[in-house]
Amino acid sequence: MATAIFSANQALFACRAGAKYLAPYYSRMNMPLETLEGINFILDRYNFDAKMVVASLKSLEDIQDCLDFGVDAVTLKKELFEAFIADHPKTFESLDRFSRDWKKAKPSKLLS
């Protein structure tokens, strides 16, 4: 993984060095979406087998920008993740129910 990517040129060099994952720091430097587009262009143009994992997101709007753009993945602080998944009132209720059911479930030998 190449981290602290701030430009398409850095992404190009990282891919040439063998990086399979690129972590552009989106919010830290107020990166415009055009930079993500440039990185994506490099990945497509040279047919690199690398994924873009956008890091340093600071708001729900940042997450939405990345989802709208179609990035492969994002990294989120716990607080931002919780705010992101809390967009529906039943989310945490469902997670709690799943956790209780999981604890009650009998172990399976299917994965052994």
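1. Start with helices α2 and α3. In this predicted model, helix α2 covers residues 33–45, and its axis comes within 11 Å of the axis of α3, with the two crossing at roughly 35°. The crossing of this pair is right-handed. On the α2 side you'll find L33, L36, E37 and N40, and they meet D65, C66 and F69 of α3. Sorted by class, that contact has four nonpolar residues, one polar and two charged.

2. Now look at what α2 does with α1. The axes of α1 and α2 come within 8 Å and cross at roughly 30°. Here, too, α1 passes α2 in a right-handed crossing. A8, A11, L12 and C15 are the α1 residues involved, and their counterparts in α2 are G38, I39, I42 and L43. By class, this contact has seven nonpolar residues, one polar and no charged ones.

3. While you're on α2, pick out T35, which lies in that helix. Is T35 buried or exposed? T35 counts as buried, because its relative accessibility is 15% and the cut-off for buried is under 20%. Setting aside neighbours within four places in sequence, T35 is in contact with F6 and S7. For a sense of distance, try T35 and D96: they are 61 residues apart in sequence, and their C-alpha atoms are 39 Å apart in space.

4. Next, the sheet. Four strands form an open sheet, ordered β1-β2-β3-β4, and the pairing is parallel. Which strands stand at the edges? They are β1 and β4 (73–74); each has a single partner strand, so one side of each is left without a neighbour in the sheet. Helix α1 packs on this sheet, where it touches β1 and β2, and its direction makes about 170° with that of β1.

5. It's worth zooming in on the β1 and β2 pair. Strand β1 (residues 2–5) and strand β2 (residues 21–24) run parallel and are joined by three bridges. You can trace the pairing residue by residue: A2 has L22 of β2 as its bridge partner, and T3 stands opposite A23 in β2. Put helix α1 (residues 8–16) together with β1 and β2, and you have a right-handed β-α-β unit.

6. Between α1 and β2 there is a loop, and A19 is found in it. A19 is buried as well, since its relative accessible area is 15%. What does A19 touch? Not counting residues up to four places away in sequence, A19 touches A2, A14 and A50. A19 and M1 are 18 residues apart along the chain, yet their C-alpha atoms are separated by 5.3 Å.

7. One last residue to check is S56. Find S56 in the loop between β3 (51–54) and α3 (60–69). S56 counts as buried because its relative accessibility is 17%. Leaving out neighbours within four places in sequence, the contacts of S56 are Y25, Y26, S27, R28 and T75.

Notes
Residues are numbered from 1 along each chain as its sequence is written. This is a predicted model: local features need pLDDT of at least 70, side-chain atom pairs count only at pLDDT 80 or more; totals for chains, interfaces and linings use all residues. Side-chain values use heavy atoms; hydrogens and water are left out. Two strands pair if DSSP finds at least two bridges between them. A crossover is right-handed if, with the strands pointing away from the viewer, the path from the first strand over the helix to the second runs clockwise. Buried means under 20% relative accessible area, exposed over 50%, partly exposed in between (1.4 Å probe, protein chains only). Contact means heavy atoms within 4.5 Å. Axes are lines fitted to C-alpha atoms, for helices over the stretch in contact, and angles run from 0 to 180 degrees between N-to-C directions. A crossing is left-handed if the near helix is turned anticlockwise from the far one by less than a right angle, and right-handed if clockwise. Ala, Val, Leu, Ile, Met, Phe, Trp, Tyr, Cys and Pro count as nonpolar, Asp, Glu, Lys and Arg as charged, and the others, Gly among them, as polar.
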